[in-house]
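This briefing goes through a two-chain model topic by topic. Please keep the sequence and the 3D view open while reading.

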Amino acid sequence: MTTAALSTVQLAPGQAAWRRFRRHRLALAGAVIILVLVLGSALGPYLLPFDDTYIDILKRFAPPLSGAHILGTDELGRDVMARLMMGGRVSLSIGIVAMVIAMAVGIVVGAFAGFYGGVVGAVLMRLVDAVLCFPTIFLLLALAALTEPGLITTTVLIAATAWMGVARVVEAQVRSLREREFAVAALAFGSSNLRIMFRELVPNAIAPIVVAATLNVAKAILLESYVSYLGYGIQPPAASWGNMLNNAQIYLTSAPWLAIAPGVAITLAVTSFNFLGDGLRDALDPRMNIP
Amino acid sequence: MARYVINRLGQAIMLLVIVSAIGFAILHLAPGGPLSQYAASAQMTQEDLDRVTKQLGLDRPLPIQYLDWFGRMVRGDWGRSYRDGEAVLSVIGSHLGATLELMATATIIAALLGCWIGILGALRRYSLFDSLATVGAMIALSIPTFWFGLVMIYVFSVKLGWLPAGNRETVGDGSLLDLLHHLIAPALVLALVETAMWGRFMRSSMLEVINQDYIRTARAKGMPEWRILTLHALRNALLPMITVAGLQFPTVLGGALVAETVFTWPGMGRLFLDSIGYRDYPVVMGILMFSATMVLIGSLLADILYAVVDPRIRVG
């Protein structure tokens, strides 16, 4: 055995995963872009001389790079760059918070279904199947139509339509991990079922959960853009990447820049999270360890 | 086989019951409930409201109401639109054709293009084409459909003037050529995500098949490469695509809603959005239930068809 082969054997699992992740250039690029988008949205508004809701009727439809407005102004003379940054705060926050809620629900449902199996498992998993029958956008819009639109509602509703995939992943993991020695040992020690589920089984399924969480952020950002574009998500004057595109279609001929900036931002963010999830899957999947 | 079909049918019916319960719960747990439209009207006094509640049987226990509602749904009585009093099912029926036309066109484009890309990617694994296709598929899955639609309109309608910016036909024309002309852009927009999914699944299916023993056997006995690929590999690799078509159905249906909105296509998705705007809950709930039922039937058909063409499924 060569020294190189020896050194890979001696790598800790975390180090090996990091090495595999670093090889995935697109995932790295995704991580960098996400960092730039997050920092830009968080700090950018402090650096701009414009307020995102400041209406300046005299400067309507200023094209990009005209004077101080880097990305131009919209139909009310508001600075597009400022709105893009503030919209980024909203869209990225919704993406992440909706992911956290969806993961929490999905993990709990999946853990109970996988651990108890039998009738409990069957009922919970059939519920998952049933919710998956509804096309996501239809379900999301129907729920949004019945409730008051707003930041919290939109976030919760997106989470309500995005937890099922995670539940399936966790259920399968917990069901197979339940039979392993460490779980049986914990049971023999007299640990409670809840403790075994959430302190022993779920942490051992962390790799697929992390991957699912990353892909879930991408999905949530995309859903926010759909529901806000259609007018049932974030309401003006607050900006989100989705609702900035709400009026863009009307001005497509005269002011196409209004459609370009938010669309590019959404695509960049969603693509980055998807590539990041892909890279994490390659890095964390233990099957990749087999040469 | 019969046993498999009956088994699968039973599961589907059970799912339909749960699906309908979810729909019913959404309708009733929402603030205001099914009467919120009338309650908001200044014409109605509390007395009227109480009477209507009794007339419509909304004062009965929820489980009874659910059974009643489910029974009427199964018999085809889906209530009436608030907007014009037309039966919900006939409203949906008059918009379904346009949606199915769009979905079918997009699916044919996506299946042909996606399979071609996927097969080529698998045969030339890690080539430049394969890398570009993989990255392209990921980007296609990440682009908001409506934004891609806006870009299409800007490029092909506003700038080049090649394609109409919306609607299903030019008023007063309506010839086949005119219909096709209007179909191109929305179908391509809807096909984008689908093509990416077909391509990804086709690639992995093909990769799995060409590493099988029977392919090696075919190669070992000196069969020409093109015969191995078409006769052995492709036929087996295409089988799982039946499941892919079933799995994609909800995504395509959701995508159709978005494409219809951008291109003012008079289909079910647009009807759904319009109905939400009018707070026409019977139609909204009707379309929600109808689309879920379509998805359910779609996956049932895909599973049964798969079992018909692949005997391994029935036994397993």
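**Helix α7 of chain A**

In helix α7 (residues 151-160) of chain A, the buried residues are A:Thr154, A:Thr155, A:Leu157, A:Ile158 and A:Ala159. The model is a predicted one. The buried residues of α7(A) pack against three helices of chain A, namely α4 (80-116), α6 (136-146) and α11 (206-229).

**Annotated spans of chain A**

- An unreviewed UniProt entry assigns "transmembrane region" to residues 26-48, 90-115, 127-145, 151-170, 201-222 and 255-277 of chain A.
- Residues 90-115 of chain A are 100% helix and 0% strand, and the end C-alpha atoms of this span are 37 Å apart.
- For residues 127-145 of chain A, helix accounts for 89% and strand for 0%, with 23 Å between the end C-alpha atoms.
- UniProt, again in an unreviewed entry, also places "domain: ABC transmembrane type-1" at residues 88-277 of chain A.
- Residues 88-277 of chain A are 78% helix and 0% strand, and the end C-alpha atoms of the span lie 20 Å apart.

**A:Leu245 and its surroundings**

- A:Leu245 sits in the loop between α12 (241-244) and α13 (257-284) of chain A.
- Why does A:Leu245 count as buried? There are 26 other C-beta atoms within 10 Å of A:Leu245, and the cut-off for a buried residue is 20 or more, so A:Leu245 qualifies.
- Apart from neighbours within four places in sequence, A:Leu245 is in contact with A:Tyr229, A:Ala259, A:Pro262 and A:Gly263, and also with B:Trp147 of the other chain.
- From A:Leu245 to A:Asp278 there are 33 residues in sequence and 28 Å in space, taken C-alpha to C-alpha.

**Overall make-up of chain B**

- Chain B has 14 helices and zero strands.
- The C-alpha trace of chain B spans about 85 × 55 × 35 Å along its principal axes.
- Of the 316 residues in chain B, 38% are buried.
- Contacts in chain B between residues at least 6 apart in sequence include 71% that join residues at least 24 apart.

**Annotated spans of chain B**

- For chain B, UniProt (unreviewed entry) places "transmembrane region" at residues 12-30, 102-123, 135-156, 176-198, 237-263 and 283-309.
- Residues 176-198 of chain B are 100% helix and 0% strand, with end C-alpha atoms 29 Å apart.
- Residues 283-309 of chain B are likewise 100% helix and 0% strand, and their end C-alpha atoms are 38 Å apart.

**Helix α3 of chain B**

- Helix α3 (residues 46-55) of chain B lies largely in the open, because the number buried among its 10 residues is zero.
- B:Gly57, which follows α3(B), has a positive phi near 75°.

**Crossing of α5 and α13 in chain B**

- In chain B, the axes of helix α5 (residues 88-123) and helix α13 (residues 281-309) come within 9 Å and cross at roughly 65°.
- The crossing of α5(B) with α13(B) is right-handed.
- On the α5(B) side the contact is made by B:Val88, B:Val91 and B:Ile92, and on the α13(B) side by B:Pro282, B:Val283, B:Gly286, B:Ile287 and B:Phe290.
- Sorted by class, the residues in the contact of α5(B) with α13(B) are seven nonpolar, one polar and no charged.

**Contact between the chains**

- How many residues of chain B are in contact with chain A? There are 37 of them, and they meet 39 residues of chain A.
- At least two residues each of the side of chain B that touches chain A come from α1 (2-29), α6 (128-142), α7 (145-159), α11 (241-262), α12 (268-277) and α13 of chain B.
- α13(B) gives the largest share of that side, seven residues.
- The side of chain B that touches chain A has 33 nonpolar, four polar and no charged residues.

**Nonpolar core**

- The largest nonpolar core has 173 residues, and those with the most contacts inside it are A:Phe138, A:Leu140, A:Leu141, B:Phe272, B:Ile287 and B:Leu288.
- α4(A) contributes the largest share of this core, 19 residues.
- Leaving out residues up to four places away in sequence, A:Phe138 touches B:Gly254, B:Leu257, B:Phe272, B:Ile287, B:Leu288 and B:Ser291.
- B:Ile287 thus appears in the core, in the contact of α5(B) with α13(B), and among the residues touched by A:Phe138.

How values were computed:
Residues are numbered from 1 along each chain as its sequence is written. Chains are lettered from A and ligands numbered from 1 in the order in which they are written. This is a predicted model: local features need pLDDT of at least 70, side-chain atom pairs count only at pLDDT 80 or more; totals for chains, interfaces and linings use all residues. UniProt positions are given in the numbering used here, feature names are shortened, and annotations may be inferred rather than shown by experiment. Helices (H or I, at least four residues) and strands (E, at least two) are DSSP runs, numbered from the N terminus. A residue is buried if 20 or more other C-beta atoms lie within 10 Å of its own, exposed if 12 or fewer, and partly exposed in between; C-beta atoms are placed from the backbone. Two residues are in contact if their C-beta atoms, placed from the backbone, lie within 7 Å. Axes are lines fitted to C-alpha atoms, for helices over the stretch in contact, and angles run from 0 to 180 degrees between N-to-C directions. A crossing is left-handed if the near helix is turned anticlockwise from the far one by less than a right angle, and right-handed if clockwise. Ala, Val, Leu, Ile, Met, Phe, Trp, Tyr, Cys and Pro count as nonpolar, Asp, Glu, Lys and Arg as charged, and the others, Gly among them, as polar. A nonpolar core is a set of buried Ala, Val, Leu, Ile, Met, Phe, Trp, Tyr and Cys residues joined through C-beta atoms within 7 Å.
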